[in-house]
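Me: I would like to go through this model step by step, beginning with the ligand shell and ending with the whole fold. Please reason briefly before each answer.

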Amino acid sequence: MNGDQIFNSINNIQISIKNHKDEIEKLDQEIGDGDHIFNILRGLDEILNLKEELMDKPIDHIFKQLGMKIMTTVGGSSGALFATLLMGMSKKYNSDLNALHNLSEMFFEGVQSMKKRGKADVGEKTMLDVLIPVSKSLIELQNETDFEKVANNINNVAKDGMLSTKDIIATKGRASFLGERAKGHIDPGARSSQLAIEAICNQFINK
Ligand code: ADP
Ligand code: MG
């Protein structure tokens, strides 16, 4: 793992989110207040601006700075939650581990921090319905040497998690005010998180 790879991944996430801009905007208009796409794009712009400054810095420093930038510039629940994810990840960086082992430990820690911050868990119709299962699967797969297999596996877990938000009611966030009316709509944060994970996984899949 190095700075170049981190910023390359963020760049790929930005491309995918921009390609699905209208879809994500619509999802948050249906069960939220419509600002989710704006918050995500703002965050991605802000952290990509740090590329020159951070590229050659230690990995834990990069993640911490990215998190702090999002915390101070991005609004909404998603701003605070993604900032918490990145700062949580920075705490677990261990240069003695190989890349996949390191990433899985870091991501698991980051998602645990998000759970605490959002006081939420699986089944509440949020981005955590994608991120928690992905973090658990990464731990299970951390000794795998076939990265393409890991990427395909994680892509499927993220997709299943995203789709699982469709037919349940929300018990956290703005969508919880809608009760039964939230059913039939995918959670916007689950969709943007799944797209971000897919953008990273696709870097390891030869198409
Ligand atoms: P806001 O809801 O403040 O307008 P966004 O629109 O940017 O913020 O983000 C909405 C997304 O945040 C939701 O789709 C959901 O995935 C996620 N979310 C909201 N509340 C929580 C929570 N307590 N825990 C985890 N995720 C949450
Ligand atoms: Mg919103």
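**Helix crossings, ligand shell and overall fold**

Reply: This is a predicted model, and one result may be stated at the outset: α6 and α7 are oblique to each other.

Me: At what angle do the axes of α6 and helix α7 cross?
Reply: The oblique label follows from the crossing angle, because angles over 145 degrees would count as roughly antiparallel and those from 65 to 115 as roughly perpendicular. The two axes, of α6 and of α7 (residues 99-118), come within 7 Å, and the angle between them is roughly 140 degrees.

Me: Is the crossing of α6 and α7 left-handed or right-handed, and how many charged residues does their contact hold?
Reply: α6 passes α7 in a right-handed crossing. From α6, residues including Leu 81, Leu 85 and Met 89 take part, and they meet a set in α7 that includes Met 106, Phe 107 and Val 111. By class the residues of this contact are nine nonpolar and six polar, and the number that are charged is three.

Me: Which element gives the most residues to the shell around ligand 1?
Reply: There are 23 residues around ligand 1, and those that come nearest are Gly 76, Ser 78, Gly 118, Gly 173 and Gly 189. The elements that give two or more residues to this shell are α3 (36-48), α6 (76-91) and α10 (188-201). With four residues, the element that gives the most is α6.

Me: How many residues of the shell around ligand 1 are polar?
Reply: The shell around ligand 1 contains six nonpolar residues and seven charged ones. The remaining class in this division is the polar one, and its count is ten.

Me: How is α1 oriented relative to α10?
Reply: The axes of α1 (residues 3-19) and α10 come within 8 Å and cross at roughly 130 degrees. As that angle falls neither in the range from 65 to 115 degrees nor over 145, the orientation of α1 to α10 is therefore oblique.

Me: Which residues of α10 does α1 meet?
Reply: The crossing of α1 and α10 is right-handed, and the contact has six nonpolar, four polar and one charged residues. On the α1 side stand Ser 9, Asn 12, Ile 13, Ser 16 and Ile 17, and the residues they meet in α10 are Ser 192, Leu 195, Ala 196, Glu 198, Ala 199 and Ile 200.

Me: What is the radius of gyration of the protein?
Reply: The protein has ten helices and zero strands, and its C-alpha trace spans about 50 × 35 × 35 Å along the principal axes. For 207 residues the globule rule gives 17 Å, and the protein's value is close to this, so it is as compact as a globular protein of that length, with a radius of gyration of 16 Å.

Definitions and conventions. Residues numbered from 1 in each chain as written. Chains lettered and ligands numbered in written order. Predicted model: local features only at pLDDT ≥ 70, side-chain atom pairs only at ≥ 80, totals over all residues. Near = placed C-beta within 6 Å. Nonpolar A, V, L, I, M, F, W, Y, C, P; charged D, E, K, R; others polar. Axes fitted to C-alpha atoms, helices over the stretch in contact; angles between N-to-C directions. Parallel < 35°, antiparallel > 145°, perpendicular 65-115°, else oblique. Left-handed = near helix turned anticlockwise from the far one by under 90°. Contact = placed C-beta atoms within 7 Å. Rg over C-alpha atoms; globule rule 2.2 N^0.38 Å.
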